[in-house]
Amino acid sequence: MKQASGALLSAINLDRNSRRSISVQLYMALRDIILSGGLRTGERLPATRTLARETGVSRTTVIDAIDRLAAEGMVVSRVGAGTYVSETLEHQRTPAPANIDEPPKDDAPRLSGIVTAREHDYARRTWLPHEARAFVTALPALDAFPMAHWARLSARHLRGERGAVMGYGQPKGLEALRRAIATHLGAMKGIKCNAEQIFITCGAQHAFSLIGRLFLNPGSKVWMENPGASGARNALVSEGAEMVPVDVDSEGLVVSDGLAKAPGFRLAFVTPSHQQPLGHVMSLQRRFELLKAAEASEALIIEDDYDGEFYYGNVAQPALYGTDTQGRVLYVGTFSKSLFPSLRLGFILVPERMIAAFDRMFQLWASVPSTATQAIVADFMDEGHFATHIRMMRRLYKARYEALMEAGRSLPGSIRLHETIGGFHTHADLAPGIDEHTAVAQAAEKGVVLAPLSRYCLSPISQSGLVLGFGTAAPEDIRRGMKVLCGLPALS
Ligand SMILES: Cc1ncc(COP(=O)(O)O)c(C=O)c1O
């Protein structure tokens, strides 16, 4: 026992400067020793007095650590006989590594086939940027957000009835918010729907995942715009989809290409109002072709309307949902662009025939963001702040877009900036032979953010290009960013 306790005690290192209490450190050290086999099943621990003396801590501290081990079932105390390593640990422990200070050589966890087998299908996404500068994509103008209204509504709800904001809330989301969204869709897109058809989610990406979970089996074929939305692709791959890259041209998804590659598709993902990332609006002809193809293969369509509020013309682009008479389109919206992304708030508008299926899924998993957040957004919409904010942002993004296009006139011939009809990003083609990644790296050295077009591609396309965001940058930053692009060696 003396020997065991000597070896054991030498493995205990207590750090008096740590923010972790000494008794917790001692408990963790003893637990590691037990789990790694340093003390065997049934073996007696040194007496608390010995442990206290040898480690230089009080006996109360040792007793506290031993109590934690006992509460966890690692040790059992027998009155008058001391404390022993629990018999139940027999066969449960991993063999002791040669040196318990040395981490195992390869301690990576074993991952599911969904993650490993399909690794190449996932789009590589780094952390999305949050700084206000040229040409960050996917981020709205945070500086123009009406924080005072938001703060007032937040305070009102947080001071309100606790159960209403702190409880679990309604499974499909707060009714007041669902009603406000239904009204907004009617006003903006002329979509006729009711609050029962709206399901609140933690953002659009979460909505895509939930749709995949409800309708896909492992290996189900999903048509994906190529290039297309990388977040949607990742969400659907993680629900078992076999993604089929479908060409995109100036009329949107090329339905004939989808039919040639996977006629028996189960789901199609499209961005008809503003193709992500190329910016085209899907033509009426293509919309009908897609609906017909979906009917023929009994497939469903996800319509992602991620930035439809921000059109530069007089009216919003029509929703595919409105043309669908078969109840096959699931319309997904997000507040990441119209308010701000950290809200993690989005929604699915489902055809009436699907309400029961979605209700069932939303009762199985708690899928909605905090009720307090939902209540604040509902009031923000009901009190008219949302409509006012959208109107202001439409003007602001249009002004930034015009600054971008104006400054873009001095770009060299090797890069061609495309016009867009709304939102806060556009794309540029690069002349043959110009490497996207070199241009991106050279711009980054000068503090300008660019996204390579290939980042959006499920399978390579012949055109190389760049995606430029202008939501967060003020016109002066946009002009400065354009000057940097004009001077990039890769483009000269
Ligand atoms: C095509 C597309 N859809 C939806 C979103 C919004 O996703 P979320 O609501 O999960 O933030 C984005 C964000 O950049 C996007 O690019």
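## A first hairpin

Strand E1 (residues 75–78) and strand E2 (residues 82–85) pair in the antiparallel sense, with four bridges between them. Strands here, marked E, are DSSP runs of at least two residues, and helices (H or I) are DSSP runs of at least four residues, both numbered from the N terminus. Two strands count as paired if DSSP finds at least two bridges between them. One bridge in this hairpin links Val75 to its partner Val85 in E2. Three residues lie between the two strands, and Gly80 in this hairpin takes a positive phi near 75°.

Before going further, a word on what you are looking at. This is a predicted model, in which local features need pLDDT of at least 70 and side-chain atom pairs count only at pLDDT 80 or more, while totals for chains, interfaces and linings use all residues. Residues are numbered from 1 along each chain as its sequence is written.

## The whole chain

Now step back and take in the full protein chain, which has 18 helices and 14 strands. Its radius of gyration is 29 Å, well over the 23 Å that the globule rule gives for 492 residues, so the chain is more spread out than a compact globule. That radius is taken over C-alpha atoms, and the globule rule is 2.2 Å times the number of residues to the power 0.38. Along the principal axes, the C-alpha atoms of the chain fill a box of roughly 85 × 55 × 50 Å.

The chain is divided into domain 1 (2–89), domain 2 (147–383) and domain 3 (388–491). These bounds come from an automatic or database domain assignment. The centres of domain 1 and domain 2, taken over C-alpha atoms, are separated by 54 Å.

How much of the chain counts as buried? The value is 41% of the 492 residues. Here a residue is buried if 20 or more other C-beta atoms lie within 10 Å of its own, exposed if 12 or fewer, and partly exposed in between, with C-beta atoms placed from the backbone. Among contacts between residues at least 6 apart in sequence, 72% join residues at least 24 apart. A contact means that the C-beta atoms of two residues, placed from the backbone, lie within 7 Å.

## Two open sheets

Strands of a sheet pair through backbone hydrogen bonds, either parallel or antiparallel. One open sheet has eight strands in the order E3-E10-E9-E8-E7-E4-E5-E6, with mixed pairing. Its edge strands, each pairing on one side only, are E3 (198–201) and E6 (252–253). Within this sheet, E4 (residues 221–226) and E7 (residues 267–270) are joined in the parallel sense by three bridges. Met224 has Phe269 as its bridge partner in E7.

Another open sheet has four strands, ordered E11-E12-E14-E13, and its pairing is antiparallel. Here the edges are E11 (415–417) and E13 (451–452), each of which pairs on one side only. E11 and E12 (residues 425–430) run antiparallel and share three bridges. Ile415 finds its bridge partner in Leu430 of E12.

## Loops with unusual backbones

Some loops are worth a slower look. Asn226 and Pro227 are joined by a cis peptide bond with omega of about 5°, and Pro227 lies in the loop between E4 and helix H10 (230–237). A cis peptide bond also joins Gln276 and Pro277, with omega of about 10°. Pro277 belongs to the loop between E7 and H12.

Glu298 has a positive phi near 50° although it is a residue other than glycine. This residue sits in the loop between H12 and strand E8 (300–304), and it counts as exposed because it has 11 C-beta neighbours inside 10 Å. Arg344, not a glycine either, has a positive phi of about 50°. Its loop runs between strand E9 (329–334) and strand E10 (346–349), and with 17 other C-beta atoms within 10 Å, Arg344 is partly exposed.

## Around the ligand

Which residues are closest to the ligand? They are Gly203, Ala204, Tyr306, Thr334 and Ser336, out of 14 residues that surround it. A residue is near the ligand if its C-beta atom, placed from the backbone, lies within 6 Å of it.

This shell divides into five nonpolar residues, eight polar and one charged. Ala, Val, Leu, Ile, Met, Phe, Trp, Tyr, Cys and Pro count as nonpolar, Asp, Glu, Lys and Arg as charged, and the others, Gly among them, as polar.
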